[in-house]
Amino acid sequence: NSLKLSNMSPLNDPSFMFGVATSSFQIEGARGSRQDTIWDTFCLKKGAIADSSNGDTACEHVKYWQQDIQMIANLGVDAYRFSIAWGRVVNQDGSPNPEGLAFYSRLLDKLEALDIKAFVTLYHWDLPQHLEDKGGWLNRDTAFEFAHYVDIVSKEFAHRVYSYATLNEPWCSAYLGYEVGIHAPGLKGKQRGKQAAHNLLLAHGLAMQVLRKNSPKSKNGIVLNFSPSYAASSNEQDIAAAKLADEHFNQWYLRPILQGSYPDIIHSMPKEHRPQVEAGDMSLISQPIDFLGVNYYSRAIYQHCEQDGFKVCSPQSMNLTDMGWEVYPQGLVKLLTDLNKRYTLPDIYITENGAAIDDKLIDGQVVDNARIAYYKSHLDAVEQAIVAGVNIKGYFAWSLMDNFEWALGYKKRFGIIYVDYQTQQRTLKQSALAYQDMLLSRKI
Ligand code: PNW
C-alpha cells in the first residue's frame, strides 16, 4: 500500500510538481463575510442537495486556514491549488473588498514562506447571486463582470501567484447548472447549456487578456474536465454515439480554446440549440494559454439512442468509487494521448484526480486502501502518458480534505485528510500518509 515511485519514474524529475487541491465554496464556510452565491440559493431548494446541507460553514477553512496550510506543508507538496471566492473579494457594486483580499493575501504569504507554489483558480462555480439575478452565465455581461473581478485580483496579487486558471470545468457550470439543472442555478434547456458554455468561454478569453497584462509571468490557463468516451459495443451506431458525446462534452470546450472554433457538430445541431456567437468572440476565446489543467476521474460509455444520438450506459466494471464512478486509469492514458494527437497542446497539469470512499474514522485512523490503489494506478497512467510523449508538468490530488461535494453534500468524501464536521478535527488518512511518504522519498 505504497505510492512510492520507481527509480525510473519520470515523476521523479524535480521539475514535476505534486500538489493537493480544494475550492473556495467547498471548504471555506464564513458565508457572512462574502456575497451570497448561486450555491447558497441552490442549497435552499428542496431536494437539490442529497443531505440537505449547505456551504455556510463547510470545513471552516477561513477560520482554520493557518493549520490547514501547515498540514499541506507537512505533506511535502510543491504546490497548492485553491480557488478565490469572487464574492469575497468584490462587493456587489463592483468595488474591491479589502478584508477578502487580505484573507487571500495572508494565505499567499504563508504559502510563499513555506515554499509552496500557489495555483489559483479564479472561478470554481461560486457566482455571486446578484449576477445570477441578471441572467448569470446566460447573460454575456457576466463575462465582462468576471474580467473586472480578475482585474482586481491580478492587480493585487500579480506574480505572487505562480499560476492562474480562469475557470474550473466550464462543462459542469454550463451543462450541470444550465442544461440539466442538477447543479446551481438549477436551470434546464439545451440552448441554455450551450449559451452558458459560450459566455463562460468568453469570460475565459477576456480574463486571459487581463492576466497577460497584469501578471504576464504567471502561468495562465484554464482547467477542463474530461471523460474519455467509449462505445458500449463495436456496433457502428454505438461508435458514432461515443464520438458525438465526445464532441458535445470534451471537444466543445477545448477546440474553441486551442483552435478558435466549435466542433463541426454545431452545424448539424438544430438552430434553436446553438449559442449566440458575436463577431470577434472566437478569437478572444482562442488566445494562447500557458497551460491546460486536466481534471480526470473516470471514463464514460455511450450507446446509440434515437432521441439525442447518444445515451450514457452504466459502468462495465464492478470497481466503482462511492460516486458510482468506474475506476479506469487506462482512460487517462487514452485521453491524454488522444488529445496530444489531435491538438498542439500547451503544458498539461493534472489539476484534479481522486476517489470518493465511504471512509470511517476508527481509533483515530482511516484505512482507505482503495484510495491508495486509485492514486497508484492513476500515477502509473500519468507516467505512461509522459512516456508516450505528453508534456505533463504536474499532478494534484483531489482533495486535500473532505469537503462539500456539491449536490451530494458532505456524504461523499474525496479528501486524503478526514474531516469530522462536528469538531472540525482533521485526521490524515492512510492515503495522505502514503502521499507524504512518496513525496518525501522523492526529494531524497
Ligand atoms: C469536479 N460529473 O466536479 C470539481 O472540480 C470538484 O469541485 C468536485 O469536488 C470533484 O470534481 C468531484 O466531483 C465534477 O458529473 C462534478 O461528471 C461532476 C462531474 C465531474 C466533475
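Begin the tour by selecting His 183, which sits in the loop between α8 (170-179) and α9 (190-214) of this predicted model. Colour the residue by accessibility and you will find that His 183 is buried, with a relative accessible area of 9%. To see what surrounds His 183, show the residues it touches beyond its neighbours within four places in sequence, which are Trp 39, Phe 42, Trp 125, Cys 172, Leu 176, Gly 177, Trp 406 and Ala 407.

Stay in this loop and select Ala 184 and Pro 185, because the peptide bond from Ala 184 to Pro 185 is worth a look. That bond is cis, with omega near 5°, and Pro 185 lies in the loop between α8 and α9. A second cis peptide bond can be found by selecting Trp 398 and Ser 399, where omega is about 10°; Ser 399 belongs to the loop between β11 (392-398) and β12 (417-420).Next, select Gly 136, in the loop between α6 (129-132) and α7. Is Gly 136 buried or exposed? Its relative accessible area is 0%, and Gly 136 is therefore buried. Leaving aside neighbours within four places in sequence, Gly 136 is in contact with Leu 127, Leu 131, Thr 142 and Tyr 178. Add Leu 114 to the selection and draw a line between the two C-alpha atoms: Gly 136 and Leu 114 are 22 residues apart along the chain, and these atoms are separated by 38 Å.

For a contrasting stop, select Gln 276, which is found in the loop between α10 (236-259) and α11 (281-285). With a relative accessibility of 61%, Gln 276 counts as exposed. Apart from neighbours within four places in sequence, Gln 276 touches Gln 191, Gln 195 and His 198. If you also select Asp 36, which is 240 residues away from Gln 276 along the chain, the C-alpha atoms of the two residues turn out to be separated by 29 Å.

Now turn to the helices. Two packed helices are described by the angle between their axes and the distance between the axes. Select helix α3 (residues 61-75) together with α5, and you will see a pair that packs at an angle of about 10°, with axes 10 Å apart. An angle under 35 degrees counts as roughly parallel, so α3 is roughly parallel to α5. Show the side chains of His 61, Val 62, Trp 65, Gln 66, Ile 69 and Gln 70 on α3, and those of Phe 103, Arg 106, Leu 107, Lys 110 and Leu 111 on α5, since these residues make the contact. Sorted by class, the contact of α3 with α5 has six nonpolar, three polar and two charged residues.

Keep helix α5 (residues 98-113) on screen and add helix α7 (residues 141-157), which packs against α5 at an angle of about 40°, with the axes 11 Å apart. These two helices are therefore oblique to each other, and α5 passes α7 in a right-handed crossing. On the α5 side the contact is made by Leu 101, Tyr 104, Ser 105 and Leu 108, and on the α7 side by Ile 152, Glu 156 and Phe 157. The residues of the contact of α5 with α7 divide into five nonpolar, one polar and one charged.

Move on to helix α12 (residues 330-342) and helix α13 (residues 369-387), whose axes are 8 Å apart and meet at an angle of about 25°. This angle makes α12 roughly parallel to α13, and the crossing of α12 past α13 is right-handed. Pick out Leu 332, Val 333 and Leu 336 of α12, then His 378, Ala 381, Val 382, Gln 384 and Ala 385 of α13, and you have the residues that make the contact. The contact of α12 with α13 has six nonpolar, two polar and no charged residues.

The backbone offers further places to stop. Select Ala 58, which lies in the loop between α2 (38-44) and α3: Ala 58 is not a glycine, yet its phi is positive, at about 50°. Ala 58 counts as buried, at 3% relative accessibility. Then select Gln 424, in the loop between β12 and β13 (425-428), where phi is near 60°, again a positive value in a residue other than glycine. Gln 424 counts as buried too, at 6% relative accessibility.

Finish with the cysteines. How many disulfides does a search of the whole structure find? The search finds zero. Select Cys 59 and Cys 43 to see why Cys 59 is unpaired: the closest cysteine sulfur to that of Cys 59 is in Cys 43, at 14 Å, which is too far for a bond. Cys 59 is also buried, at 0% relative accessibility. Lastly, select Cys 305 and Cys 313, where the sulfur of Cys 305 is 10.0 Å from its closest cysteine sulfur, in Cys 313, again too far for a bond. At 17% relative accessibility, Cys 305 counts as buried.

How values were computed: Residues are numbered from 1 along each chain as its sequence is written. This is a predicted model: local features need pLDDT of at least 70, side-chain atom pairs count only at pLDDT 80 or more; totals for chains, interfaces and linings use all residues. Side-chain values use heavy atoms; hydrogens and water are left out. A disulfide is a pair of cysteine sulfur atoms within 2.5 Å. Buried means under 20% relative accessible area, exposed over 50%, partly exposed in between (1.4 Å probe, protein chains only). Axes are lines fitted to C-alpha atoms, for helices over the stretch in contact, and angles run from 0 to 180 degrees between N-to-C directions. Helices (H or I, at least four residues) and strands (E, at least two) are DSSP runs, numbered from the N terminus. Angles under 35 degrees count as roughly parallel, over 145 as roughly antiparallel, 65 to 115 as roughly perpendicular and the rest as oblique. A crossing is left-handed if the near helix is turned anticlockwise from the far one by less than a right angle, and right-handed if clockwise. Contact means heavy atoms within 4.5 Å. Ala, Val, Leu, Ile, Met, Phe, Trp, Tyr, Cys and Pro count as nonpolar, Asp, Glu, Lys and Arg as charged, and the others, Gly among them, as polar.
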